[in-house]
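Trainee: I have a chain to look over before my next bench session. Can we go through it together?

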Amino acid sequence: MVSKEVLLQKYEVERKSIRAVAQEINKAPSTILKLLKQHNIPVRNKSQSRLLHFEVNETVNSDFFKTMSPDLAYILGLWITDGCAYDRGSYSIGLKDKEVIQWVADKIGYKNKIWEITEKLNGSKRYFIQFTNQIAKETFDKYGVVPNKSLITKIPTLPKEFIPHFVRGVFEGDGSIGKYKYSYSFSIVSASEEFIVGIKNIIESEIGGDRTIKFDKRGNGLYSYNIYGKETLNCLGEWLYPIGVFGMERKKIKFAELASELI
């Protein structure tokens with residue numbers, strides 16, 4: 001007979017799974033389950049067991065998510081726009097920019113495979129990472145990276161020094177910059193009016209102006225915030241991409257091209 005004290009030590013204190021306890025003391029998992037119930041030791045449900053599994057077998061570095069930093073602020077902006085959050089603390093993100101996915105994977109200490117998927121229609125490639133982590137969930141929940149977030153996204157409360165990094169992530173997730181004839185156009189889109197108004201307020205507090213938010217009612221509807229003009233966009237680029245920060249190469253290049261035309 002396995003004593004209650006042994007079961008409590010293995011199952012609750014050491015937080016081992018039923019299967020792990022069974023292997024350690026050479027019993028069948030069904031026997032361990034029966035004994036837990038006999039000793040009135042609460043048995044974890046499937047959700048609790050799943051979270052424990054990913055906690056014990058971490059696929060990311062939990063410590064990264066515990067302290068706000070420029071890198072975490074950028075990743076929050078990227079994930080809140082272009083990433084996915086699922087129930088029980090699972091997250092994924094996919095981009096065609098491999099260097100961004102690789103950078104994110106390195107920063108969060110991602111230990112799994114980076115998945116490469118080829119689109120059937122045009123043959124382009126996208127790169128994905130996916131993980132489950134309870135500490136990441138606490139951080140993402142706090143800053144609004146939650147399931148079904150598209151229509152309810154809000155600007156999270158962040159210290160001022162991290163705001164440009166967050167907005168850079170937002171821009172690289174759901175923004176664009178391009179040259180049209182002799183000028184440049186910058187835009188960020190969102191299905192959340194509150195979020196796009198917040199982005200407008202943040203950016204205009206830095207570069208000035210009072211621009212109109214546009215609404216495209218096609219599909220589920222999208223709000224867009226647009227900026228035009230080389231000088232104004234150059235100021236924005238210097239704020240978003242100070243020397244030394246990481247950024248999506250193809251979008252950084254556009255700002256660099258714009259700046260070179262002003263010399």
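Trainee: How many helices and strands does the chain have?

Mentor: Keep in mind that this is a predicted model. Its secondary structure comes to 11 helices and 8 strands.

Trainee: Is the chain spread out or a compact globule?

Mentor: Start with the rule: for 263 residues it gives 18 Å. The radius of gyration is 23 Å, well over that value. The C-alpha trace spans about 80 × 35 × 35 Å along its principal axes. So, against a compact globule, the chain is more spread out.

Trainee: What share of the contacts with a separation of 6 or more joins residues 24 or more positions apart?

Mentor: A contact here needs heavy atoms within 4.5 Å. Of the contacts in the chain with a separation of 6 or more, residues 24 or more positions apart account for 66%.

Trainee: Now lysine 200. Is it buried or exposed?

Mentor: Place it first: lysine 200 sits in helix α9, residues 193-207. The cut-off for buried is under 20% relative accessible area. Lysine 200 has 10% relative accessibility, so it counts as buried.

Trainee: Which residues does lysine 200 touch, leaving out those up to four places away in sequence?

Mentor: One of them is 25 residues apart from lysine 200 along the chain: tyrosine 225. The two C-alpha atoms are separated by 6.7 Å. The full list is Asp210, Arg211, Ile213 and Tyr225.

Trainee: How far apart are the mean positions of the positive and negative charges?

Mentor: The chain has 39 positive and 31 negative charges. Their mean positions lie apart by 7 Å.

Note on methods
Residues are numbered from 1 along each chain as its sequence is written. This is a predicted model: local features need pLDDT of at least 70, side-chain atom pairs count only at pLDDT 80 or more; totals for chains, interfaces and linings use all residues. Side-chain values use heavy atoms; hydrogens and water are left out. Helices (H or I, at least four residues) and strands (E, at least two) are DSSP runs, numbered from the N terminus. Buried means under 20% relative accessible area, exposed over 50%, partly exposed in between (1.4 Å probe, protein chains only). The radius of gyration is taken over C-alpha atoms; the globule rule is 2.2 Å times the number of residues to the power 0.38. Lys and Arg count as positive and Asp and Glu as negative; His and the chain ends are not counted. The place of a charge is taken as NZ of Lys, CZ of Arg, CG of Asp or CD of Glu.
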